[in-house]
Amino acid sequence: MRIGLALSGGGVRGLAHVGVINALRENDIAISDFSGVSAGALVGVMAAAECSVEDMLDFWTETNPLSVWNLALGGPAIFNTLNYVEPLKRFVKAENFEELPHGLTVCASEMLSGRLDYFDSGPLWPIVLASATFPIVFSPVEIGDKIYMDGGIIDNFPVEPLAQKCDVVIGINVDPPRSIAKEDFRSMQDVIERVMDMRYHMDGDKKASLCDVVIRPARMDLFSSFQTSAMLDIFQLGYEAGIQAIPRIREKIEASLDTSP
C-alpha cells in the first residue's frame, strides 16, 4: 500500500509538519511518498531521506533562516537562498531525487513563463530550495535559463501528484486563512505575507477534497510565517494534531485494504 503525505507551505509554521510526522512514526504509519512546497518541501526532503525528527528540528533551529549572515546585500531579496544548501546537506546526503528512500515531489514557480513546475527526479539541489523562496524575502534561484521562486505562489498545497499514485492521501495544511487588523501592516514582510496569504487560500477546499484525511493543526493562525521564536510551540501543536488524526488515518487505511483486489 502506498500512503502519501502532502505538506503545505507556511514558513515557520512548517515545524507543525515535523510534529505530525513524529506522531505518524510513533504510531507505525509508514509514508511511502511525499509532496511538498515551500516549507513543506524542506520538511519533505528530510522526511523522504528518513532523517530523524531530532535532525529535522535541529535544521530549523540551528540554521535560523532569518539570520543576518544570510543577507543578500544588493540583490533582489533580503536573504540569499543558496546559503541554505550546505546546512541541508548536513542532514540529507542524497544529491538526486532518485537516491531518496521514499518518493518526493516538490513544485516551484518558473517566473519567466509564469508556469508551475513539478520535480520528482534529477538533482535535489537547488530545486528544493527554489520551492521555498518566499518572494522578496529569499532570493530567486536560477536553474539553466529559468528563474524559480516559491511554488506556493501558484500552488501552496500540492496534493495532485499523490492523488494520482497513492492509495491513501494525507494532507497537512499549516497555512490557514488569518484575520488581520490595520496595525498588522507594520513592515514589508507583513505586507508581502498578507498578499501571499490571500492567494494561497483561493483553492483550499478543492485541494482538501483530494485528500482522504486533512490535518489542520490548531492555532496556526496565531503565528506569522517568520515567527522563529515559536518554532517548538508550533512543533508541539503539529504533534497534537497528528495524534488526534491517527484514528481517522487508520480507518482510511483499513477501508483501502478492504477494497483492494
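# A walk through a predicted chain, starting at Thr105

Thr105 has a relative accessible area of 4% and is therefore buried, since a residue counts as buried when that area is under 20%. The model in which Thr105 is seen here is a predicted one, and every value in this account was computed from it. Thr105 has its place in strand β3, which covers residues 103–110. If its neighbours within four places in sequence are left aside, Thr105 is in contact with Phe34, Ser35 and Gly36, with Tyr118, Phe119 and Asp120, and also with Pro161 and Lys165.

From Thr105 we can stay in the same part of the chain and turn to a cysteine, because Cys107 also lies in strand β3. Is Cys107 buried or exposed? Its relative accessibility is 0%, so Cys107 counts as buried. Leaving out residues up to four places away in sequence, Cys107 touches Gly36, Val37, Leu116, Asp117, Tyr118, Ser131, Gly151, Asp155 and Pro158. The residues Cys107 and Phe119 are 12 residues apart along the chain, and their C-alpha atoms are separated by 6.1 Å. Another cysteine, Cys51, has a relative accessibility of 4% and therefore counts as buried as well. As for bonds between cysteines, the structure holds 0 disulfides.

With these residues in mind, it helps to step back to the whole chain. The protein chain has 9 helices and 8 strands, and of its 261 residues 54% count as buried. Among contacts between residues at least 6 apart in sequence, 75% join residues that are at least 24 apart.

The helices offer a next stop, beginning with helix α1 (residues 15–26) and α2, whose axes come within 10 Å and cross at roughly 30°. Angles under 35 degrees count as roughly parallel, and α1 is therefore roughly parallel to α2. The crossing in which α1 passes α2 is right-handed. On the α1 side the contact is made by His17, Val18, Ile21 and Arg25, and on the α2 side by Gly40, Val43 and Ala47. Sorted by class, this contact of α1 with α2 has 4 nonpolar, 2 polar and 1 charged residues.

Helix α2 (residues 39–48) also meets helix α3 (residues 53–63), and here the axes come within 10 Å and cross at roughly 140°. Why does α2 count as oblique to α3? An angle has to be over 145 degrees to count as roughly antiparallel, while 65 to 115 counts as roughly perpendicular and the rest as oblique, and so α2 is oblique to α3. The crossing of α2 past α3 is right-handed. The contact is made by Ala39, Leu42, Val43, Met46 and Ala47 of α2, together with Asp55, Met56, Phe59 and Trp60 of α3. Its residues divide into 8 nonpolar, no polar and 1 charged. Val43 and Ala47 of α2 thus appear in the contact with α1 as well as in the contact with α3.

Phe59 leads on to a residue elsewhere in the sequence. Arg90 and Phe59 are 31 residues apart in sequence, and from C-alpha to C-alpha they are 8.7 Å apart in space. Arg90 is found in the loop between α4 (85–89) and β3, and with a relative accessibility of 49% it counts as partly exposed.

The last stop concerns the backbone. Most residues other than glycine have a negative phi, and most peptide bonds are trans. Against that background, which residues deserve a look? Ser38 is not a glycine, yet it has a positive phi of about 55°. Ser38 lies in the loop between β2 (33–36) and α2, and because its relative accessible area is 6%, Ser38 is buried. Arg219 is likewise a residue other than glycine with a positive phi, in this case near 70°. Arg219 has its place in the loop between β8 (213–215) and α9 (231–259), and its relative accessibility of 49% makes Arg219 partly exposed. A cis peptide bond, with omega about 5°, joins Trp125 and Pro126, and Pro126 is in the loop between β4 (115–119) and α5 (127–130).

Conventions
Residues are numbered from 1 along each chain as its sequence is written. This is a predicted model: local features need pLDDT of at least 70, side-chain atom pairs count only at pLDDT 80 or more; totals for chains, interfaces and linings use all residues. Side-chain values use heavy atoms; hydrogens and water are left out. A disulfide is a pair of cysteine sulfur atoms within 2.5 Å. Buried means under 20% relative accessible area, exposed over 50%, partly exposed in between (1.4 Å probe, protein chains only). Axes are lines fitted to C-alpha atoms, for helices over the stretch in contact, and angles run from 0 to 180 degrees between N-to-C directions. Helices (H or I, at least four residues) and strands (E, at least two) are DSSP runs, numbered from the N terminus. A crossing is left-handed if the near helix is turned anticlockwise from the far one by less than a right angle, and right-handed if clockwise. Contact means heavy atoms within 4.5 Å. Ala, Val, Leu, Ile, Met, Phe, Trp, Tyr, Cys and Pro count as nonpolar, Asp, Glu, Lys and Arg as charged, and the others, Gly among them, as polar.
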